[in-house]
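Colleague: Could you take me through the ligand site in close detail? I'd like to know what sits around the ligand and what touches it.

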Amino acid sequence: MAVRKTSRRRAASSHVGNRAARVAILMGSASDWDVMKPAADALAERGVATDVRVISAHRTPARHHAYVTAAEERGIEVIIAGAGAAAHLAGVTAALTLLPVLGVPIDSSPLQGLDSLLATVQMPGGIPVGTLAIGKSGAKNAGLLAAAIIARKDPSVRAALARFRARQTAAVPERP
Ligand code: RP5
């Protein structure tokens with residue numbers, strides 16, 4: 001599998017200090033990492049450690065099943081799943097766990113992510129996937145949303161989110 005050296009290094013350092021991972025970030029291909037990295041960054045910046053994995057619902061189904069069914073017991077609280085094309089990763093992940101699953105459609109196919117958006121968002125009633133926007137904005141928001149879920153029970157993550165929102169607001173000029 002062609003993984004750029006920088007990508008491998010960044011993904012391996014996604015743990016925050018020695019803290020155990022609380023959010024899993026799954027992607028269907030190593031080629032998705034550039035799009036999914038903002039999710040890992042958004043969590044790392046709020047002190048939430050992540051476990052970043054290349055896991056495909058289609059190409060590595062046994063790896064997928066083994067990882068997702070063990071995730072909650074390992075301390076994972078939220079799973080983010082990004083995939084392109086016929087993007088079944090988030091939906092099948094949601095079918096295998098009671099953890100909240102956030103889906104990120106990736107614009108890696110000739111249909112520029114519309115295919116993955118529909119595949120990720122159009123879940124049948126009963127198996128929910130919280131679907132974010134296509135591409136890097138969706139990945140960033142998936143990370144922020146996962147942090148917001150964790151913040152319900154973790155005051156330090158809540159405080160970090162509040163600081164981020166205040167900084168973001170302060171950075172908007174009153175005039176162009
Ligand atoms: C999807 O196919 C992956 O999530 C990726 O977005 C796309 C292309 O994968 P590669 O051919 O680059 O491995 O399953």
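Modeller: Let's settle one term before we start: a residue counts as near a molecule or strand if one of its heavy atoms lies within 4 Å of it. Keep in mind that this is a predicted model, where local features need pLDDT of at least 70, side-chain atom pairs count only at pLDDT 80 or more, and totals for chains, interfaces and linings use all residues. Residues are numbered from 1 along each chain as its sequence is written, and side-chain values use heavy atoms, with hydrogens and water left out.

On that basis, the ligand is ringed by G28, S29, S31, D32, R59, A83, G84 and S108. Sorted by character, this shell has one nonpolar, five polar and two charged residues; here Ala, Val, Leu, Ile, Met, Phe, Trp, Tyr, Cys and Pro count as nonpolar, Asp, Glu, Lys and Arg as charged, and the others, Gly among them, as polar.

Now for the polar contacts, meaning pairs of N or O atoms within 3.5 Å (within protein, one must be able to donate a hydrogen and the other to accept it, and residues adjacent in sequence count only if both atoms are side-chain atoms). The side chain of S29 has an N or O atom 2.6 Å from a ligand oxygen, and the side chain of S31 likewise puts an N or O atom 2.6 Å from an oxygen of the ligand. R59 joins in with a polar side-chain atom 3.1 Å from a ligand oxygen. As for cover, the ligand taken alone exposes 360 Å², and the protein buries 69% of that (accessible areas come from the Shrake-Rupley method with a 1.4 Å probe; for residues, only the protein chains shown count as cover).
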